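Trainee: Could you take me through a close look at one part of this model, the packing of its helices and the residues placed in and between them? I would like one connected account that I can follow with the viewer open.

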Amino acid sequence: MRKVRSTVFLALTAMIWGFAFVAQLVGADYLRPFTFNGIRFVMGAVSLIPVILLFERGRSSKKELSATVKYGVLAGTVLFVAANLQQFGVEFTTSASKPGFLTGLYTVLVPIIYFIFMKRKTGFNVWVGAIFTVCGLYLLCAVGESAKFGIGETLLIIGAVLWALHIIILDRYADAVRPLRFSMVQFAVCGVLTIICAVIFERDVFEIANVKAALLPLLYGGLGSVGIAYTCQLLGQKDADPTMAAIILSTEAVFSAIGEAIILGKYMDAPGYIGCALIFVGIVLSQIPTEVFRKIFKKA
């Protein structure tokens, strides 16, 4: 029963995160990227306060508090760059599904970055997954009527590298911090830095009327994809197998395409969908431990 509950929570998390790309695309119709992201990340940080009071009550030690703040600021700064590259990419591509799949490349990039810069062993499944994702990228961005590789796609791929670095930071310092408080710090840092950029670069086009028009996407992007989804992820990963959890969460990209089709009525052509499928297969392969492949081949 616990595993079923975990699967439901994780699937709900992936769905909320995937549909968030639709919210970002709709929000881009009313607000410039820095303004939209600044508001939603501050909302997201505030939304974690009741979650913290529920799951992380009690004082932290000075060492733990210091680490939470220090690494939270570091992660928040990287998140600031990654999230805004993503939002600009969403605006330039005028798509929800393509950013969903291009952002998902970070799952393949994480073990590759570990291998290149930290000499950590990487299973052959990651390299096979990388081949699938490269083939998928080609079909998604270079083949078919809707194929395009421009500034939006470039920003999203660079953003995927930053998302990978963000994951590596979380992986390296997770044991030293209180996770929910750490998340609140990083979201607050990202939100404040983004609002500063909005004041500097987007003040001339800021209008309260546009904020009101984008209120639903802001609420979904801030409260939904941060407060609700993060809580569901926390509950889901308690009793879930880590590999299965990673695979379920990777369906976020699939939900971005489903959301775009259902809510916005926008579709890609056949090569685009085949490319998305190959990228998704590559993402899943990169999450499956090498030992699992060895067992499969032995049985075969």
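Mentor: Happily; what follows goes through three helix pairs and the residues that belong with them. Please keep in mind throughout that this is a predicted model.

Let's begin with helix 2, residues 33–55, and helix 3, residues 62–93, whose axes are 9 Å apart and meet at an angle of about 130 degrees. That angle makes helix 2 oblique to helix 3. Their crossing is right-handed. On the helix 2 side, the contact is made by P33, F34, F36, N37, R40 and F41. Helix 3 brings L79, A83, N84, Q86, Q87, F88 and E91 to that contact. Sorted by class, the contact of helix 2 with helix 3 has seven nonpolar residues, four polar ones and two charged ones.

Now look at the loops on either side of helix 2. L31 sits in the loop between helix 1, residues 2–27, and helix 2. L31 counts as buried because its relative accessible area is 5%, and the cut-off for buried is under 20%. Leaving aside residues up to four places away in sequence, L31 touches F36, E91, N210, V211, A214 and L218. F36 and E91 in that list should look familiar: F36 of helix 2 and E91 of helix 3 are among the residues that make the contact we just went through. For a sense of distance, the C-alpha atoms of L31 and S183 are 25 Å apart in space, with their positions 152 residues apart in sequence.

At the other end, the loop between helix 2 and helix 3 holds E56. Is E56 buried or exposed? Its relative accessibility is 6%, so E56 counts as buried. A polar atom of the E56 side chain lies 2.8 Å from the backbone nitrogen of L180. L180 also appears among the residues that E56 touches, together with V51, R178, P179 and R181, again not counting residues up to four places away in sequence.

Staying with helix 3, find V81. V81 has 34% relative accessibility and therefore counts as partly exposed. Its C-alpha atom is 7.6 Å from that of G159, although the two are 78 residues apart along the chain. Moving on, you reach T94 in the loop between helix 3 and helix 4, residues 97–103. T94 is worth a pause for its backbone: phi is near 45 degrees, a positive value in a residue other than glycine. For context, most residues other than glycine have a negative phi. T94 is partly exposed, as its relative accessibility is 44%.

Next, turn to E153 in helix 7, residues 151–173. With 1% relative accessibility, E153 counts as buried. What joins the side chains of E153 and K98? A polar contact of 3.1 Å does. K98 is also one of the residues that E153 touches, the others being T93, L102, C141 and K148, with residues up to four places away in sequence left out.

The second pair is helix 5, residues 106–118, with helix 6, residues 124–142. Here the axes are 10 Å apart and the packing angle is about 130 degrees, and the two helices are therefore oblique to each other. Helix 5 passes helix 6 in a left-handed crossing. V108, P111, I112 and F115 of helix 5 meet V126, W127, A130 and T133 of helix 6. By class, that contact has seven nonpolar residues, one polar residue and no charged ones. Helix 6 also holds V128, which is partly exposed because its relative accessible area is 33%. The C-alpha atoms of V128 and V108 are separated by 10.0 Å, with the residues 20 apart along the chain.

Finally, come back to helix 1 and its packing with helix 12, residues 252–264. Their axes are 7 Å apart, at an angle of about 50 degrees, so helix 1 and helix 12 are oblique to each other. Helix 1 passes helix 12 in a right-handed crossing. The helix 1 side of the contact is A11, A14, M15, W17, G18, F19, F21, V22, L25 and V26. Facing them from helix 12 are E252, F255, S256, I258, G259, E260, I263 and L264. By class, the contact of helix 1 with helix 12 has 13 nonpolar, three polar and two charged residues.

Key: Residues are numbered from 1 along each chain as its sequence is written. This is a predicted model: local features need pLDDT of at least 70, side-chain atom pairs count only at pLDDT 80 or more; totals for chains, interfaces and linings use all residues. Side-chain values use heavy atoms; hydrogens and water are left out. Axes are lines fitted to C-alpha atoms, for helices over the stretch in contact, and angles run from 0 to 180 degrees between N-to-C directions. Helices (H or I, at least four residues) and strands (E, at least two) are DSSP runs, numbered from the N terminus. Angles under 35 degrees count as roughly parallel, over 145 as roughly antiparallel, 65 to 115 as roughly perpendicular and the rest as oblique. A crossing is left-handed if the near helix is turned anticlockwise from the far one by less than a right angle, and right-handed if clockwise. Contact means heavy atoms within 4.5 Å. Ala, Val, Leu, Ile, Met, Phe, Trp, Tyr, Cys and Pro count as nonpolar, Asp, Glu, Lys and Arg as charged, and the others, Gly among them, as polar. Buried means under 20% relative accessible area, exposed over 50%, partly exposed in between (1.4 Å probe, protein chains only). A polar contact is a pair of N or O atoms within 3.5 Å; within protein, one must be able to donate a hydrogen and the other to accept it, and residues adjacent in sequence count only if both atoms are side-chain atoms.
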